[in-house]
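Student: I should like to work through a protein model with you, taking one topic at a time. May we begin with the contacts of a single residue?

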Amino acid sequence: MSQLKIGWAEVNITPEKKISLTGQFAERISEYVEKPLTATAMAVECGGDQMILIGCDLAAIEEDLVIDVRAALKDNKAGLDPQKVVLNAIHTHTGPGYSKAANTPSNWVLDWYNRMKPFLKEDQVYEEAASITGNPEIATDEEVFDLLVERISKVALSAWENRRPGSFKNAFDRAAVGMCRRVDYSDGTAQMWGDSNTAVFTELEGGNDSGVEIMFTYDEDKKLTGAMVNVCCPAQCVQHRLFVSPDYWGETKKLLRERFGEDFFMLPTCSTAGDQCPVDLVRWVNPDTDVHDPNLIRHNPPVRKADPSMFDLEGMRKAGRRVANAVKDAFDELAGEFQTDIKFEHHVHNMQLPLRRVTLSEKIAAEKGLAEYCRGISGNVNFMDVANCQKFFGVTERFEEQETKNIVDTEVHVIRMGSVAIATFPYEVFLDYGNQIKAREYCEQSFLIQLANGSMGYLPTKKAEGHGHYSAFVGSGVVGHEGGDLMVRETLKDINRMFENDHAVYEYKD
């Protein structure tokens, strides 16, 4: 047992210029800042080991960002170990794209269009939905990347230098925020954001998890300093809008600071939610304005007595209130001892997971499908064409990749912090995998965090792969269900090894 030290820090990571908003197929340019984007760091030291968790209001954490943040921290004099730094994204779609070497604003749709070119006529060009390319008013990917490296490395060091003797209490509550976003049909297929108002709708493919895992932290005088909050839902309420926003997490933080004070820190973390969203696809409510997304077109849907559309600000604020209310209720009902002298261990497990492979026949079918689709484009190419072709070149590129690659190196962090486990993954992990870990772990409570220290795409279940569509396509991620099953087993092994001597074995008696 060792004395726990905790430190907090927060930094604004909002670019000063307009940004190309990332996360959708259609190009979008920010018009204003709804709430600033931030990076919040919680540093922990105990028994000679350490951890720095940094929640970032971004869509994803690219590998280059992790590498350069760690490089910036390499020669620090404060004793911070860069390899124990974990960056995670809330998956907001109203934040910037970024890249280490791109001197143009982010437009990743163009990268996919370039893969279509061999199948197009020479005069068929890509038409942007918004004028991003060459627009001097928009921050370049490189400018955003440099800003992120500078500010995230500084907030990590600040949190580390701010650590003081402290304690924590872990808590649990519920908030109805995340719901399955894959709709199943009677022909054995599924669709992300699918329309359920049809006679062929059978079910939502997966479940949901309303649980909110919370860790409240305190200083030496038992004064509340902050909370890590873990919700099984990405920040995708206002994902199509034309402003900068941390989505529902920004509303949650605002409300918690109204309750606990402006010096209260909140570390937002997204649990295993690759197939989750804030939108009820059964009780569909049309958004107030066009979302420019072919998957979300509903023709004359019935008027429902339900939540406001989660694609609008009203819905976003309601989701934020639900999470904030869960945190406040959990605090009001807190019980148990402060955890101060604890067991602490931070294990970095570089797992080797199998690459999701394709067959020769699948590759041939994809090439044929891509060629046929491109022949059917009568004019220039737009974002809907690119979206429709993603499934084809995902297969063709994987066929080439698997000729020289079979294993995907995956950085997973597993931490014991008193009675609590924390595990982080670089994927958008489907809910079922997280449920398997939570149901079989030896610890009292776990915080499972996706989109951490990498952006390696979706990690779908076997069922989702069979049903198809975006998020389960081969091109949607690099690892399939075999890798997901292995990741679950290895993570459970790590967690349960850390807690095996404290695990209570319950015998059921008649």
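Tutor: Let us begin with Y427, bearing in mind that this is a predicted model. Neighbours within four places in sequence are left aside, and Y427 is then in contact with residues that include L353, V408, T410, Q450, L451 and M456. The others are G457, L459, V478, V479 and M487.

Student: Which residues have the most contacts inside the largest nonpolar core?

Tutor: The largest nonpolar core has 71 residues. Helix 5, residues 313-332, gives the most to this core, with 7 residues. The residues with the most contacts inside the core are F216, V229, Y248, W249 and Y427.

Student: How many residues does the second, separate core have?

Tutor: This core is separate from the one just described, and I13, A41, I54 and L87 are included in it. Its number of residues is 35.

Student: How far apart are the closest N and O atoms of E143 and K17?

Tutor: E143 belongs to helix 3 (residues 141-161), whereas K17 is in the loop between strand 2 (5-12) and strand 3 (32-33). The two residues are 126 residues apart in the chain, yet they form a salt bridge. The distance between their closest N and O atoms is 3.3 Å.

Student: Why does E143 count as partly exposed, and what is the class of K17?

Tutor: The partly exposed class lies between 20% and 50% relative accessible area. E143 has 38% relative accessibility, so E143 falls in that class. K17 has a relative accessible area of 39%, and therefore K17 is also partly exposed.

Student: Are R182 and E205 buried or exposed?

Tutor: The side chains of R182 and E205 meet in a salt bridge, with 2.6 Å from N to O. R182 lies in strand 10 (residues 182-185), and E205 lies in the loop between strand 12 (201-204) and strand 13 (211-218). As for their accessibility, R182 and E205 are both buried.

Student: How many residues apart are D502 and K343?

Tutor: The side chains of D502 and K343 meet in a salt bridge of 3.4 Å, N to O. D502 is in the segment after helix 10, and K343 is in the loop between strand 18 (341-342) and strand 19 (344-354). The pair therefore links distant parts of the chain, and D502 at 42% relative accessibility counts as partly exposed. Their separation is 159 residues.

Student: Which residues are joined into one network by salt bridges that share partners?

Tutor: The structure holds 30 salt bridges. Those that share partners join four names into one network: E34, K35, E251 and K254.

Student: Which residues are the closest to the centre of the second largest pocket?

Tutor: This pocket contains about 450 Å³ of space. Helix 6 (360-375), helix 7 (383-401) and helix 10 (481-499) each supply at least two residues of its lining. Of the 21 lining residues, the closest to the centre are R356, V358, E362, V395 and V474.

Student: How many residues of the lining of the largest cavity are nonpolar?

Tutor: The structure holds 3 cavities of 30 Å³ or more, and the largest has about 80 Å³ of space. Among the residues that line it are P278, W284, D307 and F311. The lining includes 1 polar and 3 charged residues, and the number of nonpolar residues is 8.

How values were computed: Residues are numbered from 1 along each chain as its sequence is written. This is a predicted model: local features need pLDDT of at least 70, side-chain atom pairs count only at pLDDT 80 or more; totals for chains, interfaces and linings use all residues. Side-chain values use heavy atoms; hydrogens and water are left out. On a 1 Å grid over the protein atoms alone, a cavity is a set of points where a 1.4 Å probe fits but cannot get out, and a pocket is an open set with protein on both sides within 12 Å along at least five of seven lines; lining residues have an atom within 4 Å of a point. Grid points are joined across faces, edges and corners, and a volume is the space filled by probe spheres set on the points. Helices (H or I, at least four residues) and strands (E, at least two) are DSSP runs, numbered from the N terminus. Buried means under 20% relative accessible area, exposed over 50%, partly exposed in between (1.4 Å probe, protein chains only). A nonpolar core is a set of buried Ala, Val, Leu, Ile, Met, Phe, Trp, Tyr and Cys residues joined through side-chain atoms within 4.5 Å. Contact means heavy atoms within 4.5 Å. Ala, Val, Leu, Ile, Met, Phe, Trp, Tyr, Cys and Pro count as nonpolar, Asp, Glu, Lys and Arg as charged, and the others, Gly among them, as polar.
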